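Me: I have a model open and would like to test the labels people put on it. Could you walk me through the reasoning behind them?

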Amino acid sequence: LISRGIDPHNYTMKPSHAAALSEADLIVLIGESLTPSLAEKLPSLASNAQIIELAKVSNVHLIAYEDAHEDHEDDAHHDDEHDSHDHSGINPHIWLDIDNADVWAHAIAKSASELSTALTSDINANLAAFEQALIGLKSEMQTLTAKPYSVSHDAFGYLEESFGIDHPQAVTNGMGLRPSPSDMANLRAQIEATPPACMIIDPNDHTALAYALAEEYSIKTVEFSQLGEIVEGENAYLILMQGAVTAFKTCFQ
């Protein structure tokens with residue numbers, strides 16, 4: 001439903017999207033923390049569909065973060081609608097935890113098999129292959145030797161836990177809000193005290209500010225889109241997470 005370049009927090013539903021939801025048999029979404037407007041409308045628009053809200057699936061690992069509205073400036077990208085709901089709960093970037101993906105794959109496979117019993121054997125085979133690929137990715141993650149680094153958007157908490165690496169210096173907070181002058185002063189002090197190996201820049205968030213800061217301090221830059229906007233195909237998630245591993249490897253070289 002949500003195409004490239006659209007902030008999930010601020011997603012506005014089109015009539016064609018509402019029609020598609022009303023005809024769907026199975027709907028999968030992260031949940032209210034990422035797409036509040038979508039989660040709110042689903043009960044009325046998709047009353048006959050199976051709905052998997054991934055943030056609520058049993059055994060999913062969630063990270064809480066503080067409400068970071070204070071000391072940040074809003075901009076046109078994060079308007080009043082974005083800031084009208086509570087961000088003090090979970091970090092919504094849950095898909096960046098490979099163990100969560102494993103849990104979700106089982107939940108999705110179960111629902112898909114119930115809806116299409118003739119495809120159960122194919123679904124189970126795909127599930128087994130997906131699990132093996134995740135194991136390979138986790139093994140590759142564990143070979144990383146971390147160094148101090150910076151990010152344009154503080155969205156990688158789940159990856160950091162998966163990699164076993166420390167929290168980075170961040171240009172924007174978990175909601176991607178524009179930093180205040182005091183935030184920038186603190187960030188510059190951090191960079192000067194502990195020069196980062198690189199800055200991982202999400203092309204969706206304040207890239208001009210991040211690149212300017214990287215140039216100011218001669219910091220190597222690596223791009224990685226945590227939304228996976230340039231990733232396509234049936235192995236999209238695996239390609240996305242391989243991209244994450246590659247980004248961090250490049251950073252720490």
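Reply: Happy to; here are some labels, each set against its cut-off. Keep in mind that this is a predicted model.

Me: Let's begin with rings. Why is the pair of Phe130 and Tyr237 called tilted?

Reply: The ring centres are 6.0 Å apart, and a pair needs centres within 6.5 Å. The planes stand at 50 degrees, while stacked needs under 30 and edge-to-face over 60, so tilted is the label that remains. Phe130 belongs to helix α4 and Tyr237 to helix α8, so the pair ties together parts that are 107 residues apart in sequence. Both Phe130 and Tyr237 are buried.

Me: And what makes Tyr149 and Phe252 edge-to-face?

Reply: Their planes meet at 75 degrees, with 5.7 Å from centre to centre; the angle has to be over 60 and the distance within 6.5 Å, so the label follows. Tyr149 sits in the loop between α4 and β4, and Phe252 in helix α8, so this pair links parts that are 103 residues apart in sequence. Tyr149 and Phe252 are both buried. They also belong to one aromatic cluster with Phe156, Phe224 and Phe248.

Me: How do you know that the span of α4 agrees with its number of residues?

Reply: At 1.5 Å a residue, its 22 residues should span 32 Å, and the end C-alpha atoms are 31 Å apart, which agrees.

Me: Why can one say that the buried residues of α4 line one face of the helix?

Reply: Those residues are Ile123, Leu127, Phe130, Leu134, Leu137 and Met141. Seen down the axis, they fall within an arc of 85 degrees, so they line one face. On the other side of α4, Ser121 and Gln132 are exposed. The buried residues pack against α3, α5 and α8.

Me: Which residues of the largest nonpolar core touch the most other members?

Reply: In this core of 45 residues, they are Leu159, Ile200, Tyr237, Met241 and Phe248. Helix α8 gives the most to this core, with ten residues. Tyr237, which we met in the tilted pair, touches Trp95, Asp97, Ile98, Ala101, Phe130 and Leu134, leaving aside residues up to four places away in sequence.

Me: Now α6. What puts its buried residues on the same side?

Reply: Asp183, Met184, Leu187 and Ile191 are the buried ones, and they cover an arc of only 95 degrees around the axis, which puts them on the same side of α6. The face turned away from that buried side carries the exposed residues Pro181, Glu192 and Ala193.

Me: Why is the contact of Glu216 with Arg188 called a salt bridge?

Reply: The side chains meet at 2.9 Å, N to O, and the cut-off is 4 Å, so the pair qualifies. Glu216 lies in helix α7 and Arg188 in helix α6, so the bridge ties together parts that are 28 residues apart in sequence. A search of the whole structure finds five salt bridges. Another of them joins Glu114 and Lys110 at 2.7 Å; both lie in helix α3, four residues apart, about one turn of the helix.

Me: What makes Glu114 partly exposed, and what makes Lys110 exposed?

Reply: Glu114 has a relative accessible area of 45%, and Lys110 has 55%. Exposed means over 50% and buried under 20%, with partly exposed in between. Glu114 therefore counts as partly exposed and Lys110 as exposed.

How values were computed: Residues are numbered from 1 along each chain as its sequence is written. This is a predicted model: local features need pLDDT of at least 70, side-chain atom pairs count only at pLDDT 80 or more; totals for chains, interfaces and linings use all residues. Side-chain values use heavy atoms; hydrogens and water are left out. Helices (H or I, at least four residues) and strands (E, at least two) are DSSP runs, numbered from the N terminus. Buried means under 20% relative accessible area, exposed over 50%, partly exposed in between (1.4 Å probe, protein chains only). The expected span of a helix is 1.5 Å times one less than its number of residues. The arc is that of the directions from the helix axis to the C-beta atoms. Contact means heavy atoms within 4.5 Å. A nonpolar core is a set of buried Ala, Val, Leu, Ile, Met, Phe, Trp, Tyr and Cys residues joined through side-chain atoms within 4.5 Å.
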